[in-house]
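Got the viewer open? Let's take a walk through this one, stop by stop, with something to select at each.

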Amino acid sequence: MSSPVVLRWTPEFHELVDAFEARRYALGFRRRAWLVAWLCLVVAVVLMLYTLLIPAMVLVLGGLVVAMPATGRVLARRTLLGRWRADPSLAAPAEASVSGTGLTRRTQDDETSWEWSAFPVWIETPELFVLSQSAQRYGAFITLPKRGAEDSEDLAAVRDLMLAGMGVGLRWPRSDRWDE
């Protein structure tokens, strides 16, 4: 068993947005959005058969807007910005200790520990480790910025500890050529 690795950082808003987007992608938001778009298209075709062209066109346009990735990003950013502004503790300096048994995250007001079994899904992006407490699209998640590590050896140690504790995670965007 290796010693715990400590990450220290001050959260930034863009990391919260990136983590949310990585979870949406990894947990299948795009499939659901396209399913809604196709459903709108089918209903629009039925409406066209009954010569209801205006409602049919509104449905087609609505389906296209729902299916666009930018729509989800805009709505998510607005919601997350509201939470970020309402809760100053989200921007407070943080520290995480990653060990073979789990994760402990500390801020100036709080300390919380989780065993690896609390995270059914973890996602790695080029800048973050995102540990999701739910396999559903919405739910709590923990963000560990890679910039909080002292060096690349610490990042490799964190990745190895997470692989040992939780198994294979997801990489987003899907790539195996990250230099870290």
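## First stop: a ring cluster

Start by selecting Trp114, Trp116 and Phe119: ring pairs link these three into a cluster. Keep in mind as you look around that this is a predicted model. A search of the whole structure turns up four aromatic pairs, and we'll visit another of them later: tryptophan 122 with phenylalanine 129, a tilted pair.

## Zoom out

Now show the whole protein as a cartoon. You should find five helices and eight strands. Following the chain along its sequence, the pattern reads β-α-α-α-α-β-β-β-β-β-β-α-β. Colour by burial if your viewer can: of the 180 residues, 41% are buried. As for contacts with a separation of 6 or more, 61% of them are between residues 24 or more positions apart.

## The four-stranded sheet

Select β1 (5-9) and β4 (111-115), the edge strands, each of which pairs on one side only. They belong to an open sheet of four strands, ordered β1-β2-β3-β4 with antiparallel pairing. From one strand to the next, the twist averages 15°.

Take the sheet one pairing at a time:

- β1 and β2 pair over five bridges, in the antiparallel sense. To see one partnership, pick arginine 8 and look across to glutamate 95 in β2.
- β2 and β3 are joined by four bridges and run antiparallel. A hairpin of three residues takes the chain from β2 to β3.
- β3 (residues 102-106) and β4 are joined by five bridges, again antiparallel. Here, pick glycine 102 and find its bridge partner in β4, glutamate 115.

## Inside β2

Next, select β2 (94-98). Is this strand enclosed or open to the outside? Four of its five residues are buried, so β2 is largely enclosed by the rest of the structure.

Serine 97 makes a good close-up in this strand. Serine 97 has a relative accessible area of 13%, which falls under the 20% cut-off, so it counts as buried. Across in β3, it stands opposite threonine 104. What does serine 97 touch, leaving aside neighbours within four places in sequence? The contacts are Pro4, Val5, Val6, Gly102, Leu103, Thr104 and Arg106.

## Round the loop

Slide along to glycine 100, in the loop between β2 and β3. Glycine 100 has 30% relative accessibility, between the 20% and 50% cut-offs, so it counts as partly exposed. Now add glycine 165 to your selection: the two glycines are 65 residues apart in sequence, yet their C-alpha atoms are 6.5 Å apart in space.

Glycine 165 belongs to a helix worth showing in full, α5 (residues 152-166). Helix α5 lies across β1 and β2, running at about 115° to β1.

## Into the core

Time to look inside. In soluble globular proteins, nonpolar side chains tend to be buried together. The largest nonpolar core in this model has 21 residues. Select Leu103, Trp116, Phe119, Phe129, Leu131, Leu144 and Met162, the members that touch the most others. Which elements give two or more residues to this core? They are β1, β2, β6 (128-132), β7 (141-145) and α5. The largest share, five residues, comes from α5.

Apart from this core lies another, of 16 residues; to find it, select Leu16, Val17, Leu27 and Ala76, which are among its members.

## Last stop: phenylalanine 129

Finish by centring on phenylalanine 129. With a relative accessible area of 0%, phenylalanine 129 is buried. Not counting residues up to four places away in sequence, this phenylalanine touches Trp122, Ile123, Glu124, Ile142, Thr143, Leu144, Lys146, Leu155, Val158, Arg159 and Met162.

Two of those are worth picking out:

- Tryptophan 122 forms the tilted aromatic pair with phenylalanine 129, at 6.3 Å centre to centre and with 50° between the planes. Tryptophan 122 is buried too, at a relative accessible area of 4%.
- Lysine 146 lies over the face of phenylalanine 129, at 5.1 Å from the ring centre.

Technical notes: Residues numbered from 1 in each chain as written. Predicted model: local features only at pLDDT ≥ 70, side-chain atom pairs only at ≥ 80, totals over all residues. Heavy atoms only, no water. Pairing = 2+ DSSP bridges. Axes fitted to C-alpha atoms, helices over the stretch in contact; angles between N-to-C directions. Contact = heavy atoms within 4.5 Å. Core = buried A, V, L, I, M, F, W, Y, C linked by side-chain atoms within 4.5 Å. Buried < 20%, exposed > 50% of the residue type's maximum accessible area, 1.4 Å probe, protein only. Phe/Tyr/Trp six-rings, centres within 6.5 Å; stacked < 30°, edge-to-face > 60°. Lys NZ or Arg CZ within 6 Å of the ring centre and 35° of its normal.
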